[in-house]
Amino acid sequence: YQDDGIPINCMIRTVPWDGGTQHWKFIAVTALIGDKISGSAMVRYSDDDYQTNSAYRSIDLSVERAKLTRNGRTVRRSFEIKHTANTALRLEAIENEVSKGN
């Protein structure tokens with residue numbers, strides 16, 4: 001997971017997610033589902049097809065449920081995950097706890 005002693009920078013960008021509706025959605029929790037490893041990942045999101053992005057927020061990948069809370073509202077959102085460490089990163093999914101708005 002290094003190149004000449006330097007950790008490799010891994011970045012994942014998702015396609016926009018709308019939950020099958022164009023209504024507002026309030027996202028209480030965003031969780032990364034995958035292997036538990038020491039270290040963290042940086043997560044940010046975009047509600048306008050990556051024209052602008054939120055600030056990166058850190059998720060501890062060693063805890064039982066690697067998650068962010070209080071993620072605001074959106075109609076359509078894409079996520080970007082960045083991980084730079086000398087550890088394997090294997091993610092299976094991003095899971096959102098969503099409440100429907102008007």
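This is a guided tour of one protein structure, going from the whole chain to a few residues worth selecting.

**The whole chain**

Before selecting anything, keep in mind that what you have open is a predicted model. Show the whole chain as a cartoon, and you will find 0 helices and 10 strands, so that the order of elements from the N terminus reads β-β-β-β-β-β-β-β-β-β. If you turn the C-alpha trace along its principal axes, it spans about 50 × 30 × 20 Å. The protein has 102 residues, of which 26% count as buried. Taking the contacts between residues at least 6 apart in sequence, 76% join residues at least 24 apart, and several of the stops below show pairs of that kind.

**Strand S9 and its partners**

Now select residues 78–84, which form strand S9. In this strand 5 of the 7 residues are buried, so S9 is largely enclosed by the rest of the structure. Add residues 9–13, strand S3, and you will see a partner that runs antiparallel to S9 and is joined to it by 5 bridges; within this pairing, Met 11 stands opposite Lys 82. Then add residues 40–46, strand S5, which is also antiparallel to S9 and joined to it by 5 bridges. Here the residue standing opposite Phe 79 of S9 is Tyr 45, a residue to which the tour will return. While you look along these strands, it may help to know that in a regular strand the side chains alternate between the two faces of the sheet.

**Salt bridges between distant parts**

Side chains of opposite charge can pair when their charged atoms come close. A search of the whole structure finds 7 salt bridges, and three of them are visited here, beginning with Arg 44 and Glu 80, whose closest N and O atoms are 2.9 Å apart. Because Arg 44 lies in S5 and Glu 80 in S9, this pair ties together parts that are 36 residues apart in sequence. Both Arg 44 and Glu 80 are buried. Select Arg 13 as well, since Arg 13, Arg 44 and Glu 80 are linked in a network of salt bridges.

Next select Asp 47 and Arg 77, which form a salt bridge with 2.7 Å between the closest N and O atoms. Asp 47 is in the loop between S5 and S6, while Arg 77 is in the loop between S8 and S9, and the two residues are 30 apart in the chain. Which of these residues is buried, and which is partly exposed? Asp 47 has a relative accessible area of 39% and is therefore partly exposed, whereas Arg 77 is buried, with a relative accessible area of 1%.

For the third pair, select Arg 65 and Glu 95, whose side chains meet in a salt bridge at 2.9 Å, N to O. Arg 65 is in the loop between S6 and S7, and Glu 95 is in strand S10, again 30 residues apart. Arg 65 is partly exposed at 31% relative accessible area, and Glu 95 is also partly exposed, at 38%.

**The surroundings of Arg 77**

Go back to Arg 77 and display the residues around its side chain. Besides the salt bridge with Asp 47, the side chain of Arg 77 reaches the backbone oxygen of Asn 71 at 2.7 Å, and a polar atom of this side chain lies 3.4 Å from the backbone oxygen of Arg 73. The charged end of Arg 77 sits over the ring of Tyr 45, 3.6 Å from its centre. Leaving aside neighbours within four places in sequence, the contacts of Arg 77 include Val 15, Pro 16, Trp 17 and Ile 27.

Then select Arg 73 together with Trp 24, where Arg 73 lies over the face of Trp 24, at 3.7 Å from the ring centre. How many aromatic pairs does a search of the whole structure find? The search finds 0 aromatic pairs.

**A last stop in strand S10**

Finally, select Glu 92, which lies in strand S10 and counts as exposed, with 70% relative accessibility. Set aside its neighbours within four places in sequence, and Glu 92 is in contact with Ile 33 and Gly 34. Glu 92 and Ile 33 are 59 residues apart in sequence, yet their C-alpha atoms are 5.5 Å apart in space.

Note on methods:
Residues are numbered from 1 along each chain as its sequence is written. This is a predicted model: local features need pLDDT of at least 70, side-chain atom pairs count only at pLDDT 80 or more; totals for chains, interfaces and linings use all residues. Side-chain values use heavy atoms; hydrogens and water are left out. A salt bridge is a side-chain nitrogen of Lys or Arg within 4 Å of a carboxyl oxygen of Asp or Glu. Helices (H or I, at least four residues) and strands (E, at least two) are DSSP runs, numbered from the N terminus. Buried means under 20% relative accessible area, exposed over 50%, partly exposed in between (1.4 Å probe, protein chains only). Contact means heavy atoms within 4.5 Å. A polar contact is a pair of N or O atoms within 3.5 Å; within protein, one must be able to donate a hydrogen and the other to accept it, and residues adjacent in sequence count only if both atoms are side-chain atoms. Rings of Phe, Tyr and Trp (its six-membered ring) pair if their centres lie within 6.5 Å; planes under 30 degrees apart count as stacked, over 60 as edge-to-face and the rest as tilted. A charge sits over a ring if NZ of Lys or CZ of Arg is within 6 Å of the ring centre and within 35 degrees of the ring normal. Two strands pair if DSSP finds at least two bridges between them.
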